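Me: I would like to go through this structure term by term. Please set each value against its cut-off.

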Amino acid sequence: MLAIIGGSGLTRLSTLAVAHREVVRTPFGEPSSALLFGQIAGRDVVFLARHGHGHTIPPHRVNYRANLWALRAREVDTILAVASVGAIAPTHAPGDLVLPRQIIDYTSGREATFFDGGDRKVVHVDFTHPYSAGLRERCLVAARTAGVKLYDGGVYAAVSGPRLETAAEIDRLDRDGATLVGMTGMPEAALARELDLPYASIAVVVNHAAGRGESAQLVAMDRIVRVLETAIEEVKLLIDQVVKEMG
Ligand code: HPA
């Protein structure tokens with residue numbers, strides 16, 4: 001079954017006909033929200049609101065391990081995440097949907113692994129290509145079918161937040177090769193890999209990153225909310241089509 005992890009702007013999935021909800025307990029605590037089980041286009045899907053249904057959990061407080069564990073425990077075999085980002089690369093503007101191909105982890109202080117010692121053998125997972133090639137391809141095909149513009153590729157810089165970056169920090173991420181910046185991409189992607197769950201992320205560009213484009217002087221938060229409202233409609237169309245492609 002496909003799971004959708006919804007980020008800012010996607011705390012509810014209106015296209016999902018909810019059949020039941022479940023609060024799952026895990027060895028790592030409680031997930032951000034109850035899991036919503038239901039159907040999209042007649043296919044079983046489960047939805048998890050990353051920041052809680054009331055959008056009250058900031059990125060650094062999300063219990064990523066509980067979220068991923070709960071999904072796997074409920075027969076999820078694929079995860080499509082949605083996350084809002086700032087655009088570092090000038091090729092992207094607010095409103096764009098991007099399917100990143102790579103990620104760089106700048107976060108700190110987060111519980112970032114299931115392999116945390118104790119009496120278990122040390123495990124190192126391969127993470128060369130952090131996103132599932134198969135799921136990425138399915139998203140690209142779905143986007144073409146649904147008539148949704150989805151940019152293929154990009155490097156997601158995962159930062160701790162919750163504050164936004166300084167202009168100099170964005171310059172550094174740019175020099176590192178990052179094209180997008182967001183606060184929730186890690187450890188989510190790595191934990192999915194540790195559980196062997198194919199994972200991809202739809203990045204919704206909601207602002208130019210600090211010091212870039214319209215954000216040369218400041219990042220305007222009111223504009224972000226408006227952009228997100230519009231872009232999320234496109235995301236829903238895309239998700240519908242991805243579900244249909246899953247067969
Ligand atoms: N920086 C970090 N995270 C973000 C941004 C940003 O500019 N926009 C949305 N999430």
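The questions and replies below go from the basis of the model to single residues, the ligand and the backbone.

Me: What is the basis of the values here?
Reply: This is a predicted model: local features need pLDDT of at least 70, side-chain atom pairs count only at pLDDT 80 or more, and totals for chains, interfaces and linings use all residues. Residues are numbered from 1 along each chain as its sequence is written, and side-chain values use heavy atoms, with hydrogens and water left out.

Me: Why is Arg21 called exposed or buried?
Reply: Arg21 has a relative accessible area of 55%. Buried means under 20%, exposed over 50%, and partly exposed in between, with a 1.4 Å probe and protein chains only. Arg21 is therefore exposed. Arg21 is found in strand S2, residues 17-22. Strands are DSSP runs of E with at least two residues, helices are runs of H or I with at least four, and both are numbered from the N terminus.

Me: What does Arg21 touch?
Reply: Arg21 touches Ala34, Leu35, Leu36 and His53, leaving out residues up to four places away in sequence. Contact means heavy atoms within 4.5 Å.

Me: Which label fits Thr78, buried or exposed?
Reply: Thr78 has 9% relative accessibility, so Thr78 counts as buried. Thr78 lies in strand S5. Beyond four places in sequence, its contacts include Met1, Leu2 and Pro198.

Me: What makes the pair Thr78 and Asp77 a polar contact?
Reply: The two side chains come to 3.1 Å. A polar contact is a pair of N or O atoms within 3.5 Å; within protein, one must be able to donate a hydrogen and the other to accept it, and residues adjacent in sequence count only if both atoms are side-chain atoms. The contact of Thr78 with Asp77 is side chain to side chain.

Me: How do you know which label fits Glu188, buried or exposed?
Reply: The relative accessible area of Glu188 is 0%, so Glu188 is buried. Glu188 is found in helix H4. Its side chain makes a polar contact with the side chain of Tyr199, at 2.6 Å. Glu188 also touches Ile5, Arg50, Tyr64, Leu68 and Ala81. The C-alpha atoms of Glu188 and Ser201 are separated by 10.0 Å, and these residues are 13 apart along the chain.

Me: Why is Thr11 called buried or exposed?
Reply: At a relative accessible area of 16%, Thr11 is buried, because the value falls under 20%. Thr11 is found in the loop between strand S1 (2-6) and S2. Thr11 and Ala49 are 38 residues apart in sequence and 5.0 Å apart in space, C-alpha to C-alpha. Ala49 is also one of the residues that Thr11 touches.

Me: Which residues surround the ligand?
Reply: Among them are Ser84, Val85, Gly86, Leu164, Glu165 and Asn207. A residue is near a molecule if one of its heavy atoms lies within 4 Å of it. Strand S5 gives the most to this shell, with three residues.

Me: What is the distance from a ligand nitrogen to the side chain of Asn207?
Reply: A nitrogen atom of the ligand is 2.6 Å from an N or O atom in the side chain of Asn207. For a polar backbone atom of Ser84, the distance to a ligand nitrogen is 3.4 Å. For a polar backbone atom of Gly86, it is 3.3 Å. The protein covers 93% of the 260 Å² of accessible area that the ligand has on its own. Accessible areas come from the Shrake-Rupley method with a 1.4 Å probe.

Me: What makes Ala41 and Glu75 stand out in their backbone angles?
Reply: Ala41 has a positive phi of about 50 degrees although it is not a glycine. Glu75 has a positive phi near 70 degrees, and is also a residue other than glycine. Ala41 has a relative accessible area of 40%, so Ala41 is partly exposed. Glu75 has 62%, so Glu75 is exposed.

Me: Where are the cis peptide bonds at Pro162 and Pro187?
Reply: One joins Gly161 and Pro162, with omega about 0 degrees. Pro162 lies in the loop between strand S9 (155-158) and helix H3 (167-175). Another runs from Met186 to Pro187, with omega near 10 degrees. Pro187 lies in helix H4, residues 185-194.
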